[in-house]
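Student: Could you take me through one part of this protein slowly? I would like a close look at a single loop residue and what comes next to it along the chain.

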Amino acid sequence: MKNTSKNNSNRIIIFDTSLRDGEQSPGASMTVEEKVKLAKQLKKLGVDVIEAGFPVATDGDFEAVNQIATHVKDVTICALARCFPQDIIAAGNALHNAESKRIHVFIATSEIHMKHKLDMSKEQVIASIETSVKAAKRYTDDVEFSAEDATRSDTKFLIEVYAKAIAAGATTINIPDTVGYSTPNEYAELVKTIKKEVTGIEKVTISVHCHNDLGLATANSLAAIQQGAGQIECTVNGIGERSGNCALEEVVMGLKTRHDQFNHYCTINTRELVKTSRMVSEITGMGVQPNKAIVGQNAFAHEAGIHQHGVIKHRQTYEIMNAEDVGFEGNQLIIGKHSGHHAIKQWLEQHHIEMSSVEIASLSKKVKKIADENKRVNDQDIYDCIKQNTVQTIENSQQVIPQNDNVNPLEFEREVFMSNARW
């Protein structure tokens, strides 16, 4: 079982909430069986904590958390609960069979939420936190507390809230940017302040949970690591409410690729990233945009001739990661309107076709013309261009197909084509 304690200060705990916050994406609901399947893949990926669901929400959510707790071992299984007794009871019961369990309790702390959603005073919120954390401790020693909408909360109040949660027994305190409002500098400063000012903070793990409404979820999460955050809450493909969450694959590869900046690591098996991404996409029906960082189909694809030439000469000219390290078979040189002779030449070599430099130049022009008209060029298009070049060569040399009853004209043309293309 993985150690998710604070003992190793350089290891970042990866808390995956694809099954809970990720499922809250419109249209992304999953069956119990699909959730169990994905949980097993998340365990294979190497996440430390799987937030399996919100047990009080529906019977299906309760069953999914219960099934995952029963069948997925060697990873901490977490259940979400509001600071309500019935939520905590449901979470505790759903996690009954977990080898390692966590209850994640939360309540909003921003003025706008307390006034318009909760209709509670600050004093009532603090009392609820203390009662709820203590109640969750009856089921497990591993209790996380989140101050919902922390980045729009009064900082002095947040400091008081977190101190009360820690005193009541919380072992992880989470600082959610619930509506994706914060910027990296602001968020880093908030984490720094909480680490400095909250009583008992040295005994717990600081967690961050960033939404992507301004496209800053990953940047905010990485900025928080530099100020002492020890856990990142994220989802595969960045799925989640509204614009989604911090994308697991982005923060993981950020840590790995820029270790010089962050000096922290996680234990994710990065070669499982693409497989996990595709499973999430298949289960939820939410496709991954082609230019999505790390796992998009174009993440390691090159069409521009200058880029292709560079990558052919030395991969690191235009790639800061290896495609194989995240689970792709390799990078791709896309033949298109921007491709140069180098990419065409490599395509020919990969298909065991020899052509002269003059023939390659001619082929490149024809390929660019097709790309201009059709946007994409496939292998068959290139074969057709080669055949067209060969037919023109035949015509120019005035070679005539024999009109002999014993000779098949198509077979003769193929022989000449094969000879000219020099396979």
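Tutor: Let's begin with D149, which counts as buried because its relative accessibility is 0%; buried means under 20% relative accessible area, with a 1.4 Å probe and protein chains only. This is a predicted model, where local features need pLDDT of at least 70, side-chain atom pairs count only at pLDDT 80 or more, and totals for chains, interfaces and linings use all residues. Residues are numbered from 1 along each chain as its sequence is written, and side-chain values use heavy atoms, leaving out hydrogens and water.

D149 sits in the loop between β5 (143–148) and α6; helices are DSSP runs of H or I with at least four residues, strands runs of E with at least two, numbered from the N terminus. Although D149 is not glycine, its phi is positive, near 60°.

Now follow the loop to helix α6 (residues 155–168), whose axis comes within 8 Å of that of helix α5 (residues 122–137), crossing at roughly 25°. Axes are lines fitted to C-alpha atoms over the stretch in contact, and angles run from 0 to 180 degrees between N-to-C directions. The two helices are therefore roughly parallel, a term for angles under 35 degrees.

Which residues meet? From α5 they include V125, I129 and V133, and from α6 they include F157, V161 and A165, where contact means heavy atoms within 4.5 Å. By class, this contact has eight nonpolar, no polar and six charged residues; Ala, Val, Leu, Ile, Met, Phe, Trp, Tyr, Cys and Pro count as nonpolar, Asp, Glu, Lys and Arg as charged, and the others, Gly among them, as polar.

Terms used. Parallel < 35°, antiparallel > 145°, perpendicular 65-115°, else oblique. Buried < 20%, exposed > 50% of the residue type's maximum accessible area, 1.4 Å probe, protein only.
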